[in-house]
Amino acid sequence: MAPPKSLKVGKKKQQKFVIDCWQPVEDSVLDVSTFEKFLTESIKVDKKTGNLGDSISVATEKTKVIVTADIPLSKRYLKYLTKKVS
């Protein structure tokens, strides 16, 4: 019988997603601040919208929207929300 393996306790992995919106902003189709507000209101945490807390943060930087998550968040979900705003 093999000895029990010790559990490794690591750091929480932080995910960072950058959505570059320069083309829609240049064509005046989308405003970055309204897109940030939409993402803040639409991202679901624990099956509830608008429940970001400290686990997810949404910020803007010129024509980019930066989503930082401490919990698992998929890129596909952000792509879904991006297409939904249009």
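# A guided tour from Ser 55 outward

Begin by selecting Ser 55 together with Leu 52: in this predicted model, a polar atom of the side chain of Ser 55 lies 2.8 Å from the backbone oxygen of Leu 52. Ser 55 has its place in the loop between strand E3 (48–49) and strand E4, and with a relative accessible area of 16% this serine is buried. If you now display what surrounds Ser 55, leaving out residues up to four places away in sequence, you will find that Ser 55 touches Val 45, Thr 68, Ala 69, Asp 70 and Ile 71.

**The whole chain**

Before going further, zoom out and colour the chain by secondary structure, which shows three helices and five strands. Followed from the N terminus, these elements run β-α-α-β-β-β-β-α. Of the 86 residues in the chain, 27% count as buried, and the chain exposes about 7100 Å², of which carbon and sulfur atoms supply 53%. Among the contacts in the chain with a separation of 6 or more, 56% are accounted for by residues 24 or more positions apart.

**The sheet**

Next select E1, E5 and E4, three strands that form an open sheet in exactly that order, with antiparallel pairing. Strand E1 (15–20) and strand E4 (56–61) stand at the edges, and because each has a single partner strand, one side of each is left without a neighbour in the sheet. Looking from one strand to the next, you will see a twist that averages 20°. As background to this view, strands of a sheet pair through backbone hydrogen bonds, either parallel or antiparallel.

Which residues of strand E5 should be selected to see its pairing with E1? Strand E5 covers residues 64–69, and E1 and E5 pair in the antiparallel sense over six bridges. Two places along this pairing are worth labelling: Asp 20 has Lys 64 as its bridge partner in E5, while Lys 16 stands opposite Thr 68 in E5. Thr 68 has already appeared on this tour, since it is one of the residues that Ser 55 touches.

Turn now to E4, which also pairs with E5 in the antiparallel sense over six bridges. Here Ile 56 stands opposite Ala 69 in E5, and Ala 69 is another of the residues touched by Ser 55. Follow E4 to the hairpin that links it with E5, where two residues lie between the strands and Lys 62 takes a positive phi near 55°.

Is strand E5 largely enclosed or largely open? Five of the six residues of E5 are buried, so this strand is largely enclosed by the rest of the structure.

**Helix H1 and a meeting across the chain**

Select Trp 22, which lies in helix H1 (residues 22–26). Its relative accessible area is 42%, and Trp 22 is therefore partly exposed. Then add Thr 63 to the selection: although Trp 22 and Thr 63 are 41 residues apart along the chain, their C-alpha atoms are separated by 5.2 Å.

**Helix H2 and Ser 42**

Helix H2 (residues 32–42) is the next element to select, and you will find that it lies across E1, E4 and E5, running at about 175° to E4. Within helix H2, centre the view on Ser 42, which counts as buried at 17% relative accessibility. The side chain of Ser 42 reaches the backbone oxygen of Phe 38 at 2.8 Å. Once neighbours within four places in sequence are left aside, Ser 42 is in contact with Thr 49, Tyr 77 and Leu 81.

**Helix H3 and a pair of rings**

One of those contacts of Ser 42, Tyr 77, leads to the last stop. Select Tyr 77 and Tyr 80, which are three residues apart in helix H3 (residues 75–85) and are therefore separated by about one helical turn. A pair of aromatic rings is described by the distance of the centres and the angle of the planes. The count for this structure comes to one aromatic pair: the rings of Tyr 77 and Tyr 80 have their centres 6.4 Å apart and their planes at 20°, so the pair is stacked. Finally, colour these two tyrosines by accessibility: Tyr 77 counts as partly exposed at 21% relative accessibility, and Tyr 80 also counts as partly exposed, at 49%.

Terms used:
Residues numbered from 1 in each chain as written. Predicted model: local features only at pLDDT ≥ 70, side-chain atom pairs only at ≥ 80, totals over all residues. Heavy atoms only, no water. Pairing = 2+ DSSP bridges. Helix = DSSP H or I, 4+ residues; strand = E, 2+ residues; numbered from the N terminus. Axes fitted to C-alpha atoms, helices over the stretch in contact; angles between N-to-C directions. Contact = heavy atoms within 4.5 Å. Buried < 20%, exposed > 50% of the residue type's maximum accessible area, 1.4 Å probe, protein only. Polar contact = N/O pair within 3.5 Å; in protein donor to acceptor, adjacent residues only side chain to side chain. Areas by Shrake-Rupley, 256 points an atom, 1.4 Å probe, with all protein chains shown as cover. Phe/Tyr/Trp six-rings, centres within 6.5 Å; stacked < 30°, edge-to-face > 60°.
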